[in-house]
Amino acid sequence: MSKMHLVFGGRVKDPQGLDFVDLEQVHLVGLFPDYAGALDAWRSNAQRTVDDAEMKYVVVHLHRLLEPELGDQAPR
């Protein structure tokens, strides 16, 4: 299986959490086949919104959700 990664972001209620204010306004950056590509996309979007503490972008390791039996054995 590909090591799929999802990058998305949006406004959060608390900058230390992941409770997004409005899921309809979440910015879906995209799916990436490797962590390096996802990290570049995350960094680009996070830096663009760095002055807004309520905006947060995240990388989700979809391959870990799809194959949880691999646990931490799966490389990034």
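Helices, in the sense used here, are DSSP runs of H or I covering at least four residues, numbered from the N terminus. With that convention, L39 is a residue of helix α1, which spans residues 35-48. I should state at the outset that the model before you is predicted. I shall begin with the overall fold, continue with the sheet, and then turn to the core.

The protein contains two helices and three strands. Read along the sequence, these elements follow the pattern β-β-α-β-α. Of the 76 residues, 28% count as buried. The accessible surface amounts to about 5300 Å², and carbon and sulfur atoms account for 53% of that area. As to the contacts between residues at least 6 apart in sequence, 62% join residues at least 24 apart.

Let me now consider the sheet. In what order do the three strands lie? The order is β2-β1-β3, in an open sheet with antiparallel pairing. Strands β2 and β3, the latter covering residues 55-61, are the edge strands, and each pairs on one side only. Neighbouring strands are turned against each other by 15 degrees on average, with direction ignored. Helix α1 packs on this sheet and touches β1, β2 and β3; the direction of α1 makes about 175 degrees with that of β3.

As a general remark, the strands of a sheet pair through backbone hydrogen bonds, in either a parallel or an antiparallel manner. Here, β1 and β3 run antiparallel and are joined by seven bridges. Within that pairing, V7 has V59 of β3 as its bridge partner, and G10 stands opposite K56 in β3. On the other side, β1 pairs with β2 over five bridges, again in the antiparallel sense. There, the bridge partner of F8 is L28 in β2.

Why is β1 described as largely enclosed by the rest of the structure? The reason is that six of its seven residues are buried.

I return to L39 in helix α1. Is this residue buried or partly exposed? L39 counts as partly exposed, because its relative accessibility is 22% and the buried class requires a value under 20%. The C-alpha atom of L39 is separated by 8.4 Å from that of V7, a residue 32 places away along the chain.

We come next to the interior. It is a general tendency of soluble globular proteins that nonpolar side chains are buried together. In this model, the largest nonpolar core has seven residues, namely L6, F8, V12, F20, V26, V58 and L62. Two of its members, F8 and F20, merit closer attention. F8 counts as buried because its relative accessibility is 16%, and F20 is likewise buried, with a relative accessible area of 12%.

How many aromatic pairs are there? The count comes to one. This pair is formed by F8 and F20 in a tilted arrangement, with 5.5 Å from centre to centre and 50 degrees between the planes. The pair links distant parts of the chain: F8 belongs to strand β1, residues 5-11, whereas F20, 12 residues away, lies in the loop between β1 and β2, the latter being residues 27-32.

Finally, V12 is another member of the core. Apart from its neighbours within four places in sequence, V12 is in contact with G17, D19, F20, V21, E54 and K56. Of these contacts, F20 has already been mentioned as a core residue, and K56 as the residue of β3 that stands opposite G10.

Methods:
Residues are numbered from 1 along each chain as its sequence is written. This is a predicted model: local features need pLDDT of at least 70, side-chain atom pairs count only at pLDDT 80 or more; totals for chains, interfaces and linings use all residues. Side-chain values use heavy atoms; hydrogens and water are left out. A nonpolar core is a set of buried Ala, Val, Leu, Ile, Met, Phe, Trp, Tyr and Cys residues joined through side-chain atoms within 4.5 Å. Buried means under 20% relative accessible area, exposed over 50%, partly exposed in between (1.4 Å probe, protein chains only). Contact means heavy atoms within 4.5 Å. Accessible areas come from the Shrake-Rupley method with a 1.4 Å probe; for residues, only the protein chains shown count as cover. Rings of Phe, Tyr and Trp (its six-membered ring) pair if their centres lie within 6.5 Å; planes under 30 degrees apart count as stacked, over 60 as edge-to-face and the rest as tilted. Two strands pair if DSSP finds at least two bridges between them. Axes are lines fitted to C-alpha atoms, for helices over the stretch in contact, and angles run from 0 to 180 degrees between N-to-C directions.
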